[in-house]
Amino acid sequence: MKFKRIIAVLMTLSVFSLFTATAFAATPKYEYGFDGTIGGAVVLTRDGDNEDGGNPGTMPKVNDSVQPQFGDGVNGQALYLDGNYGLLLDAKAVGETYTIAFWINPARFSNFGPFIQIGSDLLSEKQSATWLNITKTDWDGDSAPVIWSRNEALDAWPWYQKAYFSCGGGYQIPKNEWTHIAVTVDGSKPGMDPVLGTEVPGTVHSQLYINGEFFGEGPVAKGTFSGDAKVYVGINCWDIIFKGLIDDIKIYNTVLTANEVKTAMNEPAGTTSSSAPKTGVVSYAAVFGLGAALLGAGSVVLKKKEEK
């Protein structure tokens, strides 16, 4: 009888652990694998660029005459941006709390040129510009990625890499190599100034991971992925358009843990976007099926034990 109880308890714990790990694992709400397709995204180009590739401020427009390009990715193919176009993803705003993760292989860097930019009212036509730009700057040595954001209404315009207004003297990911970047934004925590130990008005807490490892944290302006905010890949209204490869963009409506960031880095993205939230429902059947198999196997073991 004692043996039966031990087996039953162990199987129950195993099934429960597998259930919680699988069914409730963080899954992207939107993902883009770029294996020869851009899914529901559209190509954007921009008029009025100067000879250096910058712009005084022009909203990018959909351009169906430009075909997206692809190259060798981390997993299958990747999106190749040649410096003349970017993408607008079909992802909808997920709210104040989110994570965005992706692989990037830059052929060049330019100050403020976006790897990915999220936001709304970019040109302040409604005096409500709100955005987050994952970019390169030279504010504290040549540094990339830098997380720069703005909320015009709240007069918040913070940036960070290692910490608030600090890149630790400068760190830049390599050119012509793949690097994984993940940025988490936690709307439940205020952004902090670590030097003063005070809250930064109009901001929330964010963390930066590079190649699956925690790299830095700092404040991000509130509301960057709320309302009608959109996701732009490699392009915005002003700065030199990104040139290089981007792969496996994943967008979550939660703050990933350090372990979940590693999972996001190591698992390929889907080939198209999906507007339906993924909550692990598909996993339930697999987990319960495996649980039933384990319990069934346990019954056979117990029966054989009793027959001896």
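**Notebook: contacts, cores and voids in a predicted model**

I began with the side chain of Thr 45, which makes a polar contact with the side chain of Asn 63 at 3.1 Å. The model I am reading is predicted. I placed Thr 45 in strand 2, residues 42-45. I then asked whether Thr 45 is buried or exposed. Its relative accessible area is 17%, so I entered Thr 45 as buried, the limit being under 20%. Setting aside residues up to four places away in sequence, I listed what Thr 45 touches: Pro 60, Lys 61, Asn 63, Val 66, Asn 84, Tyr 85 and Ile 235. Asn 63, the partner in the polar contact, is thus entered in the contact list as well.

**Entry: the chain as a whole**

I looked up the secondary structure and found three helices and 16 strands in the protein chain. The chain has 308 residues, of which 47% count as buried. I also checked how contacts are spread along the sequence. Taking contacts between residues at least 6 apart, I noted that 70% join residues at least 24 apart.

**Entry: nonpolar cores**

Which residues touch the most other members of the largest nonpolar core? In this core of 43 residues, I recorded Leu 87, Ile 100, Phe 102, Phe 115, Val 183, Ile 249 and Ile 251. Strand 7, residues 98-106, gives this core its largest share, four residues. Another core, of 13 residues, lies apart from it; Leu 44, Trp 131, Val 146 and Cys 167 are among its members.

**Entry: the largest pocket**

I turned next to open space at the surface of the model. The largest pocket has a volume of about 200 Å³. I read its lining as Met 59, Gly 119, Ser 120, Asp 121, Leu 122, Leu 123, Glu 125, Lys 126, Ser 128, Asp 228, Lys 230 and Tyr 232. Which strands each supply at least two residues of this lining? I found strand 8 (116-120) and strand 15 (230-233). Sorted by class, the lining of the pocket comprises five charged, four nonpolar and three polar residues.

**Entry: the largest cavity**

I counted one cavity of 30 Å³ or more. The volume of the largest cavity is about 60 Å³. Its lining consists of Arg 108, Phe 109, Ser 110, Gly 113, Pro 114, Phe 115, Lys 136, Ile 240, Ile 241, Phe 242 and Lys 243. By class I noted six nonpolar, three charged and two polar residues in this lining. Phe 115 lines the cavity and is also one of the residues I recorded for the largest nonpolar core.

**Entry: two alanines in loops**

I located Ala 26 in the loop between helix 1 (2-23) and strand 1 (30-32). Its relative accessibility is 26%, so I classed Ala 26 as partly exposed. Leaving out neighbours within four places in sequence, I found Ala 26 in contact with Tyr 252, Thr 254, Leu 256 and Glu 260. I also took the C-alpha distance from Ala 26 to Ala 264: it is 8.9 Å, across 238 residues of sequence.

Ala 91 sits in the loop between strand 6 (86-88) and strand 7. Why did I enter Ala 91 as buried? I did so because its relative accessibility is 5%, and the cut-off is under 20%. Not counting residues up to four places away in sequence, Ala 91 touches Tyr 30, Tyr 32, Val 231 and Ile 251. Ile 251 is another of the residues I recorded for the largest nonpolar core. From Ala 91 to Glu 31 the C-alpha distance is 8.8 Å, with their positions 60 residues apart in sequence.

**Entry: backbone geometry**

I checked the backbone for a cis peptide bond and found one joining Ala 144 and Pro 145, with omega about 0 degrees. Pro 145 belongs to strand 10, residues 143-151.

I then looked at positive phi values outside glycine. Gln 127 has a phi of about 55 degrees and is not a glycine. I placed Gln 127 in the loop between strand 8 and strand 9 (130-137). Its relative accessibility is 54%, so I entered Gln 127 as exposed. Asn 176, likewise not a glycine, has a positive phi of about 60 degrees. Asn 176 lies in the loop between strand 11 (159-160) and strand 12 (179-193). I entered Asn 176 as exposed because its relative accessibility is 56%.

Technical notes:
Residues numbered from 1 in each chain as written. Predicted model: local features only at pLDDT ≥ 70, side-chain atom pairs only at ≥ 80, totals over all residues. Heavy atoms only, no water. Buried < 20%, exposed > 50% of the residue type's maximum accessible area, 1.4 Å probe, protein only. Polar contact = N/O pair within 3.5 Å; in protein donor to acceptor, adjacent residues only side chain to side chain. Contact = heavy atoms within 4.5 Å. 1 Å grid on protein atoms, 1.4 Å probe; cavity = no way out; pocket = protein on both sides within 12 Å on 5 of 7 lines; lining within 4 Å. Points joined across faces, edges and corners; volume = space filled by probe spheres on them. Nonpolar A, V, L, I, M, F, W, Y, C, P; charged D, E, K, R; others polar. Core = buried A, V, L, I, M, F, W, Y, C linked by side-chain atoms within 4.5 Å.
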